[in-house]
There are 2 protein chains.
Amino acid sequence: MSGTGRPRGFDADEALHAAMLVFWRQGYEGASLADLTAAMGITKTSMYAAFGNKEELFRKALARYDVGPASYGYRAVEQPTAREVAEAFLTGAVRTTTQPNCPAGCLGVQGSLAAGESGEPAREILVAWRNNGGRMLEERFRRAVEEGDLPEETDAGRLALYVMTVAFGIAVQAASGVSRADLQEVADTALLAWPA
Amino acid sequence: MSGTGRPRGFDADEALHAAMLVFWRQGYEGASLADLTAAMGITKTSMYAAFGNKEELFRKALARYDVGPASYGYRAVEQPTAREVAEAFLTGAVRTTTQPNCPAGCLGVQGSLAAGESGEPAREILVAWRNNGGRMLEERFRRAVEEGDLPEETDAGRLALYVMTVAFGIAVQAASGVSRADLQEVADTALLAWPA
DNA sequence: AGAGTTGTGTACCGATCGGTACTGAAACCG
DNA sequence: CGGTTTCAGTACCGATCGGTACACAACTCT
């Protein structure tokens, strides 16, 4: 064997970033291959060679979203106290879902909440992604209970579910066009329910 | 002129109900005319004659959803106190989004959060529908402030936005498969933030 | 240079998309 | 009965869907 072949003529990272934005703005089913490849600046053939197919492209775009716009979640759980974790998480959600020059809302929510048969795999990918976020928060809160940071009787799962629910609601409101300032007020209000 | 023509061979109300369920389960873009008419038990021709087109069918399905599964909102604002309004609203959201034999989640949320070009009208219809719910709640809370039911300094708009946000979050969680009992706990937790 | 390998562009695939023209069938009226 | 009106089914429309076959270009290796 010999020869490593022709190098690709585009930046795969940039192309994936562009695809992520299209999925974010239009959802999985609303983003056609024509929309995606036009934004990525490549042809369908190149997309299939580089990323597999539409579903794989979506999976990779979500992974990029996870470590990019959604990375506030990982930073949040590193806060020293559970209260600060929740504050950072909700503030991060507000900021990411209302970022200028980015689609309003959250890819992990509006990417595919309900779908027809062909969009079912993407929907399930997002269900798993959202549940994973809740699990991460729950484990962090459980640790906080063990450390005495949260009251002994605190239900970590319930608290995590609450914070995640508010974050998802914020994402929906952002998709409706609600402003960053208004959503930050919502986040502040939600924290009034914090256990004593 | 004479003759009133052949009567339609199907129940338009039943057909609309079936269409509503398909939109609810699959979203606007995920619901094809083939899916819709199969569920409605009629042909495309009959659907167009009776309802106009897909977008009009969606509009009418949403109207039916509004006075059916989503009617808890109207009942909620009739509660005697603002606190009871919020309780009824959130409990109603929990119950409707987790109703057995119905799609999980809320048609007004997952019907179309993000969409491609062809789904933009439906998306805007839902944005308006959601904003309308918030306005209704806000007016009710404003009245509660005037009546002395809520503290004088209460920001009715902010409170309404908060309650709506939690309700939307509940809808997202329900679409992910979270149980009714867990979501009722979320609703209860959210109400801990209620103004003194 | 030549062989081997891989990316790219075109042109195309069958299937499905939302929507409609047309033909009868089924009802009402007189 | 005939005449009129409306609904229903078939068959079809152009456009777009996600995906691919194929020829060729561009690179590395010997």
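This is a short talk about a predicted model of two protein chains, A and B, with a DNA strand, C.

Let me begin with chain A on its own, since its make-up helps in following the rest. Chain A contains 10 helices and zero strands, and if you walk along the chain from the N terminus, every element that you meet is therefore an α, from the beginning of the series to its end. The C-alpha trace of chain A spans about 65 × 45 × 30 Å along its principal axes. Of the 196 residues in chain A, 54% are buried. If we take the contacts in chain A with a separation of 6 or more, 66% of them are between residues 24 or more positions apart.

Now I would like to turn to the places where helices of the two chains pack against each other. Two packed helices are described by two quantities, namely the angle between their axes and the distance between those axes. For helix α10 of chain A, residues 180-190, and helix α9 of chain B, residues 156-175, the angle is about 75 degrees and the axes are 9 Å apart. An angle from 65 to 115 degrees counts as roughly perpendicular, and so α10(A) and α9(B) are described as roughly perpendicular to each other. On the α10(A) side, the residues that take part are A:Asp182, A:Glu185, A:Val186, A:Asp188, A:Thr189 and A:Ala190, and they meet B:Arg158, B:Leu161, B:Tyr162 and B:Thr165 of α9(B). When the residues of this contact between α10(A) and α9(B) are sorted by type, four are nonpolar, two are polar and four are charged.

What, then, is the angle between helix α9 of chain A and helix α10 of chain B? Helix α9 of chain A, residues 156-175, and helix α10 of chain B, residues 180-190, pack at about 75 degrees, and their axes lie 9 Å apart. The helices α9(A) and α10(B) are therefore roughly perpendicular to each other. Here α9(A) contributes A:Arg158, A:Leu161, A:Tyr162 and A:Thr165, while α10(B) contributes B:Asp182, B:Glu185, B:Val186, B:Asp188, B:Thr189 and B:Ala190. The residues of the contact of α9(A) with α10(B) comprise four nonpolar, two polar and four charged ones.

There is another spot where residues of both chains come together, and B:Gln26 is a good guide to it. B:Gln26 sits in helix α1 of chain B, which covers residues 12-30, and with a relative accessible area of 17% B:Gln26 is buried, because buried means under 20%. Leaving aside residues up to four places away in sequence, B:Gln26 touches A:Glu29, A:Ala114, A:Ala115 and A:Gly116 from chain A, and B:Ala31 and B:Asp35 from chain B.

Let me move on to the loop between α6 and α7, starting with chain A. A:Asn101 lies in the loop between α6 (82-97) and α7 (107-110) of chain A, and A:Asn101 has a positive phi of about 65 degrees although it is not a glycine. Is A:Asn101 buried or exposed? With a relative accessible area of 80%, A:Asn101 is exposed. In chain B, B:Asn101 is placed in the loop between α6 (82-97) and α7 (107-110); its phi is also positive, near 65 degrees, and at 79% relative accessibility B:Asn101 counts as exposed. The loop between α6 and α7 of chain B also holds B:Gln99, which is partly exposed at 35% relative accessibility. The C-alpha atoms of B:Gln99 and B:Arg180 are separated by 8.3 Å, although these residues are 81 residues apart along the chain.

Finally, we come to DNA strand C. It is surrounded by 28 residues, and the closest of them are A:Gly9, A:Thr45, B:Leu33, B:Lys44 and B:Tyr48. By type, the surface near DNA strand C divides into eight nonpolar, 15 polar and five charged residues. The helices that each supply at least two residues of this surface are α3 (44-51) of chain A, together with α2 (33-40) and α3 (44-51) of chain B, and α3(B) gives the largest share, three residues.

Which parts of DNA strand C lie within 4 Å of the protein? Of the strand's atoms in that range, 65% belong to sugar or phosphate, and the rest belong to bases. As for individual contacts, an N or O atom in the side chain of B:Lys54 is 2.9 Å from a phosphate oxygen of DNA strand C. A polar backbone atom of A:Arg6 is 3.1 Å from a sugar or linking oxygen of the strand, whereas B:Thr4 uses a polar side-chain atom, which lies 3.5 Å from a sugar or linking oxygen.

Notes. Residues are numbered from 1 along each chain as its sequence is written. Chains are lettered from A and ligands numbered from 1 in the order in which they are written. This is a predicted model: local features need pLDDT of at least 70, side-chain atom pairs count only at pLDDT 80 or more; totals for chains, interfaces and linings use all residues. Side-chain values use heavy atoms; hydrogens and water are left out. Axes are lines fitted to C-alpha atoms, for helices over the stretch in contact, and angles run from 0 to 180 degrees between N-to-C directions. Helices (H or I, at least four residues) and strands (E, at least two) are DSSP runs, numbered from the N terminus. Angles under 35 degrees count as roughly parallel, over 145 as roughly antiparallel, 65 to 115 as roughly perpendicular and the rest as oblique. Contact means heavy atoms within 4.5 Å. Ala, Val, Leu, Ile, Met, Phe, Trp, Tyr, Cys and Pro count as nonpolar, Asp, Glu, Lys and Arg as charged, and the others, Gly among them, as polar. Buried means under 20% relative accessible area, exposed over 50%, partly exposed in between (1.4 Å probe, protein chains only). A residue is near a molecule or strand if one of its heavy atoms lies within 4 Å of it. A polar contact is a pair of N or O atoms within 3.5 Å; within protein, one must be able to donate a hydrogen and the other to accept it, and residues adjacent in sequence count only if both atoms are side-chain atoms.
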